[in-house]
Each structure stands twice: as structure tokens, then as C-alpha cells.
Amino acid sequence: MAVFSQANARMRRFLYRQPRFKTNLTMDFILDDAVLLGVCRSISESGVGGELSHPVQVGAAGLLTLYHGDQSVQVQAVVEALEDEGTRMSFRFASPQERDQLRKFIHALPGAPPQVNP
């Protein structure tokens, strides 16, 4: 019975996860005194997946900046997982305005899914 409960919990988290779409954005992650350069390979309104120039540990928190053309957006992020294809980070918003700025940045990207709740 416990296995079934764990499977349900994982499925529930998956169903509530914001949809991601593929990108090729430049990013940097400021962690303590280091600036790690990287590439964002996927993005959603809840986080990013990508590659960083140096290894990081799960739980590391810092300032993530995403760049597209002459636009950029900054948001606090936490490393959630290390995967074969890179690092997965989730956003930690300081305010609703910060969330809205990120949402506008994402929906201005080529290939962004239609905005459900503008």
C-alpha cells in the first residue's frame, strides 16, 4: 500500500508542475562570490533546466539571471536536482511583481506556450 501512496504523490506533483518548453537561453547563476555561466535548455514559470560551467550541489541557492536578446530577468533560485542533462532549479520569488516579470519574460520568448492566466 505504501508504494501506491508514493506513486500517487509523485503523479500529483507531476500534474501540478508548470509546463516546460525548450529554450537555448544564456544564463548565469551567482553563488556566493562565484558567477557560474550556463545555458538554459528548458523553462517554465516554476523553474529551469540547464547546464552550468561548474558543478553545484543540490540545495545551493543564488541569483539566477536569464538573457534573451537585450532582455534579461533576475530571480532567486535553488538547485533542486542534478540530472544527466544538467541542473534543475526552481524559482524563489520575493514578490508577486517578481513572478509577473518572469512570466512576461517567458511569454515573450519564441516558442512560448500560450498564456493561460495573463
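Let me start with D32. In this predicted model, D32 counts as exposed, because its relative accessibility is 72%, and exposed here means over 50%. D32 sits in the loop that connects β1 and β2. Its backbone deserves a remark: D32 is not a glycine, yet its phi is positive, at about 60 degrees. For background, most residues other than glycine have a negative phi.

There is a second positive phi to show you, and that one belongs to a glycine. G69 has a phi near 60 degrees and sits in the hairpin of β4 and β5, where two residues lie between the strands.

Now the whole chain. It has 118 residues, and 36% of them count as buried. You can see two helices and six strands. Read from the N terminus, the order is a helix, then the six strands, then the other helix. The accessible surface is about 7800 Å², with 53% of it belonging to carbon and sulfur atoms. As for contacts between residues at least 6 apart in sequence, 46% of them join residues at least 24 apart.

On to the sheet. The six strands close into a barrel, and going round it the order is β1-β2-β3-β6-β5-β4, with antiparallel pairing. On average, neighbouring strands are turned by 45 degrees against each other, direction ignored. Helix α2, residues 96–107, packs on this sheet. The strands that α2 touches are β1, β2, β4, β5 and β6, and the direction of α2 makes about 90 degrees with that of β5.

Let me take some of the pairings in turn. Strand β2, residues 34–43, and strand β3, residues 47–52, run antiparallel and are joined by five bridges. One residue pair to look at there is G38, whose bridge partner in β3 is L52.

β1 and β4 are also antiparallel, again with five bridges between them. In that pairing T26 has Y67 of β4 as its bridge partner.

On its other side, β4 pairs with β5, in the antiparallel sense and over eight bridges. Within that ladder, L66 stands opposite V73 of β5.

Staying in β4, look at T65. Is T65 buried or exposed? It is buried, since its relative accessible area is 3% and the limit for buried is under 20%. Its side chain makes a polar contact of 3.2 Å with the side chain of Q74. Leaving out residues up to four places away in sequence, T65 touches T26, M27 and D28, and also S72, V73 and Q74. T26, as I said, is the residue bridged to Y67, and V73 is the one opposite L66.

Further along β4 we come to H68. H68 counts as partly exposed, because its relative accessibility is 31%, which falls between the 20% and 50% limits. Which residues does H68 contact, beyond its neighbours within four places in sequence? They are L25, F105, L109 and P110. The C-alpha atoms of H68 and L25 lie 6.1 Å apart, although 43 residues separate the two in sequence.

That brings us to the C-terminal end of the chain, where A108 lies in the segment after α2. A108 is exposed, because its relative accessible area is 59%. Between the C-alpha atoms of A108 and Q71 the separation is 9.8 Å, and along the chain these residues are 37 apart.

Last, the aromatics. How many aromatic pairs does the structure hold? One, and it consists of F91 and F93. Their ring centres are 5.8 Å apart and the planes make 55 degrees, so the pair is called tilted, because edge-to-face would need over 60 degrees. The two rings come from residues with unlike exposure classes: F91 counts as buried because its relative accessibility is 5%, whereas F93 counts as partly exposed because its value is 21%. With the buried limit at under 20%, the 21% of F93 puts that residue in the partly exposed class.

To recap for the discussion: a barrel of six strands with antiparallel pairing, helix α2 packed on the sheet, and in the loop between β1 and β2 a positive phi at D32, which is not a glycine.

Notes: Residues numbered from 1 in each chain as written. Predicted model: local features only at pLDDT ≥ 70, side-chain atom pairs only at ≥ 80, totals over all residues. Heavy atoms only, no water. Pairing = 2+ DSSP bridges. Helix = DSSP H or I, 4+ residues; strand = E, 2+ residues; numbered from the N terminus. Axes fitted to C-alpha atoms, helices over the stretch in contact; angles between N-to-C directions. Contact = heavy atoms within 4.5 Å. Buried < 20%, exposed > 50% of the residue type's maximum accessible area, 1.4 Å probe, protein only. Areas by Shrake-Rupley, 256 points an atom, 1.4 Å probe, with all protein chains shown as cover. Phe/Tyr/Trp six-rings, centres within 6.5 Å; stacked < 30°, edge-to-face > 60°. Polar contact = N/O pair within 3.5 Å; in protein donor to acceptor, adjacent residues only side chain to side chain.
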